[in-house]
Structures are given as structure tokens and as C-alpha cells.
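Visitor: I am new to this structure and would like a short tour. Please show it first.

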Amino acid sequence: MRWGGDVSLRHWLDKPERPVEEFECLHIFSQIVDIVNIAHSQGIVVNNVRPSCFYMSSFNHVSFIESASGSDSGSDSLEDGLNDNQGLELKDNEEDNDRNVGEGERKQPPFPMKEVLLMETGWYTSPEEAAGSTSSIASDIYRLGVLLFELFCPVSSREEKSRTMSSLRHRVLPPQLLLRWPKAASYCLWLLHPEPSSRPSVSDVLQSEFLVEPKDKLEEREAAIQLRERIEEQDLLLEFLLLIQQREQEAADKLQDTVSLLCSDIEEVMKHQSVQGNNGRDDCLGLGSRKRCRPGCQTQNAEEFDDNMEDGQNSSIMPSQAQGSLLFKNSRLMKNFKKLEAAYLLTRCRPVATVRPLGRSVSRHSPVSSDGRGSVVASERSSISGLQPRAQHVVARQTGWISPFLEGLCKYLSLSKLKVKADVKQGDLLNSSNLVCSLSFDRDGEFFAAAGVNKKIKVFECDAIINKNRDIQYPVVEMASRSKLSSICWNSYIKSQIASSNFEGVVQVWDASRGQVVTEMREHEKRVWSIDFSSVDPTLLASGSDDGSVKLWSINQGVSIGTIKTKANVCCVQFPLDSSRSLAFGSADHRVYYYDLRNSRVPLCTLVGHSKTVSYVKFVDSTTIVSASTDNTLKLWDLSACASRVIDAPLHSFTGHMNVKNFVGLSVADGYIATGSETNEVVIYHKAFPMPALSYKFNTTDPVSGHEMDDTSQFISSVCWRGQSSTLVAANSTGNIKILEMV
């Protein structure tokens with residue numbers, strides 16, 4: 001027979017820090033007794049088979065149960081036993097040692113702890129064996145007693161171990177064993193009785209209360225442990241299910257709130273519709289049809305809605321009047337239904353103070369300024385008469401979201417694409433790079449200027465380019481600078497006046513009619529990225545530079561009249577549409593700062609939310625700013641919420657374009673936001689929705705074949721609206737300029 005195991009019992013027994021647990025010791029002892037019982041039932045005396053079965057030393061890490069042959073006439077020699085079991089030879093004969101090494105194993109040196117093993121052999125030798133008698137079953141019982149003693153008595157050193165085991169030979173037990181484990185001590189003395197006939201048999205050991213009772217307790221303990229584990233598993237499953245229930249209940253509550261909100265809004269819209277009349281509603285829809293939506297009419301595009309809806313929503317659960325509506329037939333609405341839904345819910349959850357009330361008209365006065373900004377003065381007059389102030393507030397609270405959302409929805413759905421009206425082919429053969437850094441329209445939208453790294457400001461007549469199909473368009477005016485140009489801006493009152501900034505930090509004011517510099521200002525220490533004229537005060541100019549400063553200039557004086565110092569590069573500056581007392585600028589520290597120029601020591605408000613450099617800021621209206629960053633987003637901010645001096649929650653984050661490295665341009669007009677993309681595309685957003693409304697991709701023309709091809713290395717470098725119209729001009733990094741129109 002063979003006994004095997006991987007645990008070194010001696011190594012475990014010699015650990016003084018091991019915890020002494022009665023059930024564990026008895027469990028090990030019971031297993032060994034079972035093995036000895038099996039051996040005895042086959043007529044095998046353990047000592048005659050392998051005397052090292054119980055006393056394998058921890059120093060050679062030998063398992064406490066070793067393999068053994070089925071013979072009962074094995075050698076009594078320690079060396080032979082070790083040699084047969086471990087391939088370790090204690091003899092000094094190297095040839096015998098080589099012969100006993102297992103196949104494929106390296107030659108083992110003579111075991112250095114022979115004396116220790118011989119000492120341990122003496123511990124497990126019974127008195128009759130020490131007197132010269134042969135080993136018997138009773139001798140194995142004695143060895144079991146020694147093993148049981150070692151299980152309950154860990155020691156801290158080899159010397160203490162030697163003293164303890166020597167005392168055990170004289171049946172002297174340590175006091176701690178007698179005090180803590182009296183039953184184990186008494187049982188050890190029974191097994192270690194000097195008279196073999198007075199020792200119990202293996203069957204007596206197995207049937208004794210010392211093993212039977214703890215074994216029953218151990219079984220009960222194991223059963224209790226298994227029951228506890230099953231209960232813990234059930235608890236885990238229960239907690240998991242309760243967590244799912246909690247989350248689903250929260251989702252259900254949120255959905256119920258949304259449904260209630262929708263019911264309330266539907267009721268309000270129907271009331272408003274009944275007041276204003278059906279014709280007004282038809283005019284606002286702007287979907288290419290003047291017909292009213294009638295419940296019950298059939299639709300041919302129900303499948304299209306089913307294809308575009310997400311999260312298990314489909315046309316089978318939609319009301320019949322929705323399936324028959326003109327909106328339901330609109331493919332652009334169906335394609336972006338989930339995003340439009342999210343935008344609606346975001347609008348409805350927005351604080352009332354940031355939403356303009358329904359029934360107020362906005363009238364725009366004064367012509368459009370440069371860069372499509374326009375000098376817009378918004379005068380709001382209530383169209384609700386006969387109401388007390390509190391009643392007016394209630395109406396605004398209930399229906400104030402409808403007008404801006406409906407306006408955005410109509411504008412979003414009313415256009416389908418960007419159409420090229422003209423190509424401005426103005427490549428400069430004398431310059432290796434024609435990258436256009438800035439575009440700007442004049443006061444009346446009649447002329448636009450382009451400037452960039454070719455050190456030239458070129459002024460083109462917009463209508464002449466659109467109406468005349470020429471291979472090459474020549475500028476009506478061309479003005480040369482000494483350095484690369486970074487930004488240009490027309491004066492919104494003086495038609496022929498245009499300002500520029502360059503890479504050397506110089507700000508210049510030009511007279512475009514004469515093609516000459518009027519004023520030159522050299523106070524910045526590094527490159528100036530951006531300049532902007534005030535729409536209210538035509539003599540006031542602002543500039544932002546890499547030197548971390550914003551300077552205010554009076555073009556009549558030719559010197560700065562104020563400076564705002566910051567800790568990072570200033571990349572863009574912008575005046576509000578209706579004031580010269582405020583200024584916003586974007587910085588390389590990822591923030592937008594809004595200042596009241598009457599107190600320029602601290603910002604009135606700081607907009608925090610971008611994760612990279614803020615490259616552009618533009619005022620959408622007097623209280624709303626859009627910012628662009630190389631973090632791939634545009635963000636829309638509401639300045640009316642700046643009471644805390646820090647705004648960290650934008651109204652929208654516009655995504656859909658790519659911008660991680662370059663300045664790609666930004667311009668706003670009538671709620672539309674145009675930006676460039678590093679995919680060589682112009683992307684149009686509407687301020688009400690975070691996804692693109694339109695886009696147009698530039699292609700590069702092969703100079704040999706004349707065919708257009710896609711060049712992934714190019715990007716849009718500048719965009720500019722033509723006033724508040726649907727026309728804009730855009731340029732890419734090769735100097736290719738296109739006039740585009742939303743249709």
C-alpha cells in the first residue's frame with residue numbers, strides 16, 4: 001500500500017506561532033489514526049514499513065505521510081527508510097547515493113542533519129524498542145501518543161523541543177498542557193504507557209470519547225459552517241436582488257416623474273395653442289408644409305422610427321396621432337430622437353431663472369458687426385396683459401421653456417445641408433504655407449478679410465465672388481505685415497477700419513480703403529492670439545497674448561488704457577454684444593474669465609469645465625457664452641447664474657467635431673454655432689441641442705488631375721458668419737476658402 005501527502009507535518013509542528021485549535025489537532029490526529037488502523041488491518045506495523053512515517057524532520061521539508069511499499073519486512077534502518085522515500089542517502093557512499101536519486105533529478109549531497117533525525121527517531125522509539133524488542137502494534141500506539149503530544153504542545157526553539165521531548169520519555173508533561181488541555185494530557189499518558197499491554201488498541205483509540213465526541217462536534221461544526229455559508233450565499237443573492245430592485249425603482253420613479261412632466265407640458269402646449277391659434281403654430285413648425293397635424297392620419301415611414309429608436313422603444317407603443325404626424329416623418333428628427341429627448345429633459349430641468357418666459361418678443365436693432373457677432377440690443381416686452389406680477393411669474397414658470405425649445409427645434413429641423421456657394425482660390429505661390437488663421441466680415445457683410453501665416457490681409461468682395469465664377473479670385477485690397485498674422489477684426493462702426501494682431505505681439509489698426517497702417521501698438525511681450533472691437537464703443541479694442549495679459553486699447557490714443565494680468569496664456573478675447581464695460585476671455589489654464597472692466601482686479605465670474613486650453617469664446621447673446629477648447633467640446637454657459645463667482649455646470653456640451661490640437665475657429669449667428677474640425681469639416685450646432693445640425697467636409701484638389709481627394713492631415717482653421725444670415729465663410733489649413741450656405 002502507499003500513503004501520500006503534500007503537507008510537512010514536522011514543519012507545521014515546529015512552528016511556535018501556530019494557533020492551537022483543539023478541533024484542528026484532533027482532526028489531524030484522527031486522520032493519522034485511521035491510516036494506522038488501515039495498516040494494522042492489513043497486518044502492517046508502521047515502524048517496520050517506514051520508521052520515519054511520523055518523525056520526518058522539518059529541516060528537509062518531508063511530508064508527514066510518506067509513500068511506503070506493501071512489504072512488512074522493510075529495513076529498520078533510518079537511512080534505508082529515508083533513502084527509499086525521498087531519494088536522500090544518509091550513507092557516505094556516493095555510488096549508492098547516485099543509484100537512489102530519481103530519474104532526471106540532480107545528485108543530492110549527503111543530508112547535513114543526520115544527527116537531528118537520529119535524535120527525533122529516539123523521541124518516537126517506544127520503551128520496548130529501546131530495550132531491544134521488535135516493533136509491534138503497541139509501538140505504533142506509543143508513536144501516536146508522541147504525535148498527539150506534539151500537536152498540543154508547540155515550542156519556540158530546538159533546545160526547548162529537546163528538553164520537552166526528553167521529559168516526555170519520563171512521562172513528565174508541561175504544565176501548560178495539563179492546565180489547558182487536561183483530557184489531551186491524560187490521553188497522551190494512556191498512549192505513552194511504558195507497558196505495551198496497558199496501551200489501547202487502534203480500535204480503542206478510534207472508539208474513545210476523546211475522539212468520538214470531538215469528531216461529532218467537528219461534524220456539527222462543519223455542518224454549521226456549511227449552513228452559514230449557504231445563508232451567506234442567500235444573503236448575497238438577496239442583497240444583489242434588493243440592489244437591482246432599488247435601482248429599478250429609482251428608474252421607475254424617475255420615469256414616472258418624466259411622464260408626469262410630459263403630461264403637464266402637453267396640457268400647457270395645448271392651452272397655448274388654443275390661445276395663439278393654429279396658424280401661428282403652423283408658421284413656427286417650419287417643416288416645409290402648412291398643413292396641421294391631424295390625429296389618425298396614416299404614415300408611410302413608421303418603420304424608420306422603429307429603426308432609429310433605442311432602448312426597446314418602437315412604433316408599436318406610440319400613439320396613432322404621433323405616428324401620423326409630420327414630425328414623425330422627419331428623418332433627421334427620428335435619427336436624433338434620443339438626443340432631442342435628452343435636450344428637452346435638460347431644458348425642463350433647468351432653473352426657471354435661466355429660461356426666457358413665453359410670450360416675450362426679442363427685437364434686434366443696429367446692423368451686424370464683424371465676425372458675425374452683430375450689435376444686438378434685446379428689448380423684451382411682455383405680451384401678457386392684465387396679469388398681476390405673481391400670476392406672470394407662475395405663467396413664466398409653467399411655460400417659459402416652450403419658446404426657446406420650440407425655436408431651437410424648428411431651426412434644427414428646417415435645414416438639411418450646407419451648400420457651397422463659391423470657392424475662393426487664392427493660393428499664394430510665394431509662400432509655402434497659406435494657413436488662414438482668421439476670417440472677418442465688415443460692418444455690412446459686404447467684404448470679408450482673410451489673414452494668416454502668409455503675413456497678408458486679403459480683403460474680398462463677397463457678392464462678387466458668389467456671382468462671378470472665376471478660376472482665381474483676386475482680393476480687392478491686400479495689405480502686407482512684417483509677421484505672421486493670428487487674428488483680425490473689423491470695426492463694427494467704421495467700415496474701412498480693421499485691426500490685426502501678429503506673432504510678434506504687435507497690434508495694428510489698418511485703413512482698408514488705403515491699405516495702410518493707421519495705428520501700431522507694441523506693449524505685449526509675446527504673441528497676440530486674439531483681438532476684438534467693442535460693438536458699443538468703436539474706439540475700444542481688446543487683445544489677449546501669450547504673455548498672460550489682456551490689454552484694452554483706445555485706438556485714438558494708440559496706447560493701452562488698462563491691463564488684466566493672468567497666470568496663463570490668453571488665447572481669445574470677446575466683448576459682449578451690448579456693453580463695453582464687460583469682457584470675456586479664454587485661457588490656457590482651461591478656464592473662461594468674465595470681467596467687469598470697472599473692477600478688473602478680480603473676475604466677476606469664472607467658468608470651469610474644460611479639460612484643456614480654451615481657444616475661443618463668443619457671446620451668443622448678452623447673458624450666454626459659448627466656449628471652444630482642444631478637449632473636443634464646445635460648452636454653452638449662462639452668465640446669469642454667476643452669483644457664486646464660479647460656474648462649473650454648462651447648459652450644454654456640444655460634441656461631434658474633432659479638436660484636440662489646433663485652433664479650428666468659432667463663430668455664432670442667430671443661435672447657430674459654427675466651428676471647424678480636425679477632420680477637415682465645418683460643423684454647425686444650434687444652441688438648443690448638443691449634437692451637430694449640419695456639416696460639410698472640405699476636400700483637397702489634386703493640382704495635376706484637378707480631382708478632389710480626402711487629405712486627413714488638413715483641418716478647418718477659421719469660420720465666420722456673414723452677419724445674422726445663413727451664409728458663412730470657412731477656410732482650412734491649406735488656404736482653401738469656401739462660402740457656404742445653410743439650405
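**A strand residue, two cores and a helix pair**

Guide: M742 lies in strand β33 (residues 737–742); strands are DSSP runs of E with at least two residues, helices runs of H or I with at least four, numbered from the N terminus. The model is predicted, so local features need pLDDT of at least 70 and side-chain atom pairs 80 or more, while totals for chains, interfaces and linings use all residues. Residues are numbered from 1 along each chain as its sequence is written, and side-chain values use heavy atoms, without hydrogens and water.

Visitor: Is M742 buried or exposed?

Guide: Buried means under 20% relative accessible area, exposed over 50% and partly exposed in between, with a 1.4 Å probe and protein chains only. M742 has a relative accessible area of 5%, so M742 is buried.

Visitor: How many residues are in the second, separate core that includes M742?

Guide: A nonpolar core is a set of buried Ala, Val, Leu, Ile, Met, Phe, Trp, Tyr and Cys residues joined through side-chain atoms within 4.5 Å. This second core also includes L333, F698 and I716. Its size is 31 residues.

Visitor: Which helix supplies the largest share of the largest nonpolar core?

Guide: That core has 34 residues, and F29, L148, F149, F152 and L177 touch the most other members. The largest share, nine residues, comes from α8.

Visitor: What is the distance between the C-alpha atoms of M742 and S414?

Guide: Along the chain, M742 and S414 are 328 residues apart. Their C-alpha atoms are separated by 9.8 Å.
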